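Open the model in your viewer and keep the selection panel at hand. The stops below go one at a time.

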There are 2 protein chains.
Amino acid sequence: MKNILIGIDLGGTNIKIGIFDSALKLIRKTSVAAETDMGPKAVVDKMVRTIEKLLADAGLALKDVCAAGLGTPGPANYREGIIIDAANLPRFKNVPIRRMLSERIGKPVVFENDANAACWGEYVAGAGKNIRDMVFFTLGTGIGGGIISDGRLVHGSNQNGGELGHIIIYPDGRLCSCGQRGCVEAYASATATAKRATEAIEGGAESSLKEVLDKKGKITCKDVYEHLAGGDKLAKEITDQTAKALAIISVNMLHATEPQRIVFAGGVIAAGDVLLNRIRDYFGELIWSLKKETVEICFATLGEDAGIIGAAALAKEIS
Amino acid sequence: MKNILIGIDLGGTNIKIGIFDSALKLIRKTSVAAETDMGPKAVVDKMVRTIEKLLADAGLALKDVCAAGLGTPGPANYREGIIIDAANLPRFKNVPIRRMLSERIGKPVVFENDANAACWGEYVAGAGKNIRDMVFFTLGTGIGGGIISDGRLVHGSNQNGGELGHIIIYPDGRLCSCGQRGCVEAYASATATAKRATEAIEGGAESSLKEVLDKKGKITCKDVYEHLAGGDKLAKEITDQTAKALAIISVNMLHATEPQRIVFAGGVIAAGDVLLNRIRDYFGELIWSLKKETVEICFATLGEDAGIIGAAALAKEIS
């Protein structure tokens, strides 16, 4: 088989890798520990070994591959192919990752922000089917984003476009890990949602989540959504604030690039339709009345594979 | 002469029209009262008569024209060529303006949001030269916007992309004429800047602007900037709030589409470098520290001609 595409999603914890045929059909995939503390060279070694094993298991070899796509957390110098100083990859400083990987596999490599890659994956194979304009958010430790405008990924002048988690929605508000105040990430990421719940309980709010905090020493976003389903009042308030933050950013992105669909991915999906409907309600309250807006607010459909599918799809573009 | 392009900017008060050669060099231009209360048919008649006179004065005729571009205030159905219900054009309801004009002049007409047209004008012939990614704001009664991503105008799924004045920067904040609360337009447009000054004086604030209000019965944005230059403390506070609002939207648009240049046009230019420097100062305070940002924040260079130049340049694209 020829024209095989490789999609790689390098995160702080895991490296996800998939091999795809030229129609972007997944042949085989795996996830291995990233062990980023071993440093860039060892991580690239591990990537290459994992790729070779995946190919061998499918009866293929590197000669069958035409290109690879690699997504990593931003900000980075995506044009030059260099990880400069990513928060989740502490030992990766000024690492020419694209060249390192390309030299080892002997194939062209396209390098992209991980959220942009996932956005592109959802666009070509998931929630973005049959449209031309989309905005994508992935909610985890932080909030990543991506914009599709007229069928094209918005890269920006230095390939750091779509950093939607750092759009300020509450000036002078909560401190974000990026150093800004009031970013949507500081309110609506999984981490921020859990943190707001923890702060409220520590501040004396009554909640069934208190028992979780007392027992486990921490609250996760998943806990919040579970207690929301159980009818807890605080969990509802916290989720409402998350929904409102996501509705504000949705209104703002509608006015910016006017997507046909706004797609949410990540742990947030665990909250289910309760959250989605609250986002839609707030959106309806906040949006102007000058014209009827028909934007769809929905969940992503590819799950954790969006990143590797998108990276492979980007690789296809250069192959 | 052949391949003449026509650029038209239809506003609530005036119709600006320019005729251009195929290299977009201005041959002749004029501005006539829009008299929109006469209704759509009369306005189109006046447009056509004005075009014919401009052409005749230059020794040209309609047969020399290859296409026209028309910009009007949004929101509208730009894809279908219909003004649905524009606030500044009260007698224009469901008016198929593109077809009406095209049939009268016998040439193809491209129809675009007026701020997008001005954005495109600045991009091809003004402050956007030699770059590929730009964000544009025009500050007047409202705030219009436009986005250039990788050399292309961001139209959005229904051609209403770039409505940047209605991005919410202060949730639950000042009421905007669009019905939303906290839009940047409600803080930083020329009208909103003047309104905030008036409210402050009526609320008892001391200012040299009080005399203007007492004498003229109102304060304009120009008055605020004049008294700022004169050292008035309130004028400085009001301008600071305008600058901060524009800095917030600049940070947000940087993270969204990552422009190389953010360009401000309209009455705001009268405030000069004082305002521009305050926007840059606030931008520096608000922006993240994860990487050094090199975006330029600057003024537009084409003045009131941006709209007709942009409309003609868009006409060139379809001709």
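**First stop: a helix with two sides**

Select α6 of chain B and find the face turned away from its buried side: the exposed residues B:Glu211, B:Asp214 and B:Lys215 sit there. Keep in mind that this is a predicted model.

Now turn to the other side. In this helix, residues 209–216, B:Leu209, B:Val212 and B:Leu213 are buried. Look down the axis of α6(B): the buried residues fall within an arc of 95°, so they line one face of the helix.

What do the buried residues of α6(B) pack against? Show α5 (190–202), α7 (221–229) and α8 (233–257) of chain B; these are their packing partners. Then step just past the end of α6(B). B:Gly217 is there, with a positive phi of about 80°.

**Second stop: aromatic pairs**

Over all chains, the whole structure holds 8 aromatic pairs. Two of them are worth a selection.

Pick A:Tyr78 and A:Phe111. Their ring centres are 4.8 Å apart and their planes meet at 45°, so this pair is tilted. The two residues come from distant parts of the chain, 33 residues apart. A:Tyr78 lies in the loop between β4 (65–72) and β5 (83–85) of chain A, while A:Phe111 lies in strand β7 (residues 109–113) of chain A. Both A:Tyr78 and A:Phe111 are buried.

Next, pick A:Phe137 and A:Phe264. Here the ring centres are 5.3 Å apart and the planes are at 15°, so the pair is stacked. A:Phe137 belongs to strand β8 (residues 134–139) of chain A, and A:Phe264 to strand β11 (residues 261–266) of chain A. This pair also links distant parts of the chain, 127 residues apart. Buried or exposed: which is A:Phe137? A:Phe137 is buried, at 1% relative accessibility. A:Phe264 is buried as well, at 0%.

**Third stop: cysteines without a bond**

Select A:Cys176, A:Cys178 and A:Cys183. Why is A:Cys176 not bonded to A:Cys183? The closest cysteine sulfur to that of A:Cys176 is in A:Cys183, 3.8 Å away, which is too far for a bond; the cut-off for a disulfide is 2.5 Å. A:Cys178 is in no disulfide either, and its nearest cysteine sulfur, that of A:Cys183, is 3.8 Å away. Over all chains the count is 0 disulfides. A:Cys176 is buried, at 6% relative accessible area. A:Cys178 is buried too, at 2%.

**Last stop: the two copies**

Zoom out and show both chains. A rotation of 180° with 0.0 Å of shift along its axis superposes chain A on chain B, with an RMSD of 0.0 Å. That is the relation of a two-fold axis. The same surface serves both copies, as 100% of the contact residues of chain A recur in chain B.

Terms used
Residues numbered from 1 in each chain as written. Chains lettered and ligands numbered in written order. Predicted model: local features only at pLDDT ≥ 70, side-chain atom pairs only at ≥ 80, totals over all residues. Heavy atoms only, no water. Buried < 20%, exposed > 50% of the residue type's maximum accessible area, 1.4 Å probe, protein only. Helix = DSSP H or I, 4+ residues; strand = E, 2+ residues; numbered from the N terminus. Arc of directions from axis to C-beta. Contact = heavy atoms within 4.5 Å. Least-squares fit on C-alpha atoms with pLDDT ≥ 70 in both. Phe/Tyr/Trp six-rings, centres within 6.5 Å; stacked < 30°, edge-to-face > 60°.
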